[in-house]
Amino acid sequence: MAQTLVWALAPTWLMDRCAERLGEAFTLTFAPSGLRLVMFSDPEAVKTVFTAPPDVAPSAAGMSPIAPVVGEHSVLVLTGAEHMRQRKLLLPPFHGERMREYEDVIVEATRRDMAGWTLGSAMRLQRHTRLITLEVILRAVFGVEAERMEPLKAAITELLEPVHMLTVLRALMSRPSAERPTGAIGRALDRLDALIYAEIERRRGQSDVEQRADILSLLLLARDEDGEAMTDGELRDELVTLLLAGHETTATSVAWAVERLVRHPQKLARLVAEIDAARDGSGDAARDGSGDAARDGSGDEYMTAVVNETLRVRPVVPLVVRMLTQELQVGRYRLPAGTRVVPSIYLTNRNARVYEHPREFRPERFLQEGPETFSWIPFGGGIRRCIGASFALLEMKVILRTMLSELQPRIPDGRRWRRGELVRRRAITLVPGAGASVVWERRRPGRSAG
Ligand code: HEM
């Protein structure tokens, strides 16, 4: 029972303690449900799980509390051939060139929110990054129509209201249920559904769908291998999945990036110098004291390293769960069918055999070589790797660049949180304990921050 309580309140503390005492593989058991999670943080074991045939180690997300919210057709919860079908239909809007089209939208949404900031006093940055990323995902999914979508925003925000710790505990203590939530969450979900179905219907009636670049239009036109289009039910489930999976995670990651940067002024200064240099078209300012310059000249190497390091040291999603349908050998362990196998994102990303000083924020570790597939897993892995990973990386960079081009953050006065904000659980994500509290000041013209 104690383990269940600690898991609900302080999951990273529990994972750290277990890893210290038991190493790279251990089992957590929750009372009174008897639910067991077998956790791994060794990249070889993680690889075995992520590359296991999907019918041997399918996702267990269908049994999680998010399943009834995103719906039975959601790519997040489907398994097997149905999962692959939905995944293939969803991938095109998230591919390479399309990403660039979202850049202006991200800059605009960030600037609009920044215009309302009070400079010089402490603010919880995460509240703002959440508004920015919600705006961005609505725009990406619905296009210009997103401007009249205040009711949709309100329904989503309500759905993501902080989940009370008791709810988390109750979910851990009982056997998973696929029932649609009731109460306030159920009502918010009903409102969200009604708005989304209305939007799908309206779009089906529009004559310009083929000229449009938003995700809803692309999904309406998408056909699977048999030439079949998505049904309204499938569209609803995928849109809700994208709206929910696609903003809070990125918002929290941007908040963590700033939370880490303000506590590492030299790294912040180096990042700002790189941003300024890219804007001024000169590479000089991107060089640090050791003469380590931007390597391939694209001008955002340090930004990329900062974003990768933030996602490593403060991953927002701490783990993913697979449910074995057959026996599977993972490292030294022969695990029976029915085992919930869990690559721990949090522990793998800070495995001391892979990373020197794993708890420290050191973007420089990713300057010479980028992250590795199975030891840097903030987006999961294998055939279920996050569809929005490139979108999220672009969004993080553009939001950070837009904010830091104009403003300079610092830690609020006072002794609390000076060394860093606690890692706190919010439903299934890990968020900064004080919401990434920062004070913003206008940058003085002609000078870099730091
Ligand atoms: C920093 C931001 C993000 C993080 C840390 C993150 C993390 C993850 C993780 C760990 C998974 C794997 C779940 C599993 O294996 O069971 C996942 C899946 C997924 N993510 Fe993300 N995500 C982020 C942003 C986004 C964005 C921006 C979108 C869409 C716009 C998105 C859409 C999805 C979808 C649709 C899946 C399901 C993929 C599948 O099952 O095939 N995510 N994400």
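This passage describes the surroundings of the ligand and two helix pairs in a predicted model.

The ligand is surrounded by 27 residues, of which His 83, Arg 87, Ser 253, Arg 322 and Cys 386 come nearest. When the residues of this shell are sorted by class, 17 are nonpolar, seven are polar and three are charged. Several helices take part in the shell, since at least two residues each are supplied by helix H5 (80-90), helix H12 (232-245), helix H13 (248-262) and helix H17 (389-406). The largest share is that of H13, which contributes three residues to the shell around the ligand.

Polar atoms of the protein approach oxygen atoms of the ligand at several places. In the case of Arg 87, which is also listed among the residues that come nearest to the ligand, an N or O atom of the side chain lies 2.6 Å from an oxygen atom of the ligand. The side chain of Arg 384 likewise places a polar atom 3.4 Å from a ligand oxygen atom. With Val 75, by contrast, the atom concerned belongs to the backbone, and this polar backbone atom is 3.4 Å from an oxygen atom of the ligand.

Apart from the ligand shell, two pairs of helices can be described by their crossings. In the pair formed by helix H7 (residues 125-142) and helix H8 (residues 150-159), the axes come within 11 Å and cross at roughly 125°, and the two helices are therefore oblique to each other. The crossing in which H7 passes H8 is right-handed. On the side of H7, the residues that meet H8 are Leu 134, Glu 135, Leu 138 and Phe 142, and their partners in H8 are Leu 152, Lys 153, Ile 156 and Thr 157. The residues of this contact between H7 and H8 comprise five that are nonpolar, one that is polar and two that are charged.

The pair of helix H14 (residues 265-280) and helix H15 (residues 301-313) has axes that come within 8 Å and cross at roughly 140°. H14 and H15 are therefore also oblique to each other, and their crossing is left-handed. From H14, the contact involves Lys 267, Arg 270, Leu 271, Glu 274 and Ile 275, while H15 contributes Glu 301, Tyr 302, Met 303 and Val 306. Sorted by class, the residues in the contact of H14 with H15 are five nonpolar and four charged, with no polar residue present.

How values were computed: Residues numbered from 1 in each chain as written. Predicted model: local features only at pLDDT ≥ 70, side-chain atom pairs only at ≥ 80, totals over all residues. Heavy atoms only, no water. Axes fitted to C-alpha atoms, helices over the stretch in contact; angles between N-to-C directions. Helix = DSSP H or I, 4+ residues; strand = E, 2+ residues; numbered from the N terminus. Parallel < 35°, antiparallel > 145°, perpendicular 65-115°, else oblique. Left-handed = near helix turned anticlockwise from the far one by under 90°. Contact = heavy atoms within 4.5 Å. Nonpolar A, V, L, I, M, F, W, Y, C, P; charged D, E, K, R; others polar. Near = heavy atom within 4 Å. Polar contact = N/O pair within 3.5 Å; in protein donor to acceptor, adjacent residues only side chain to side chain.
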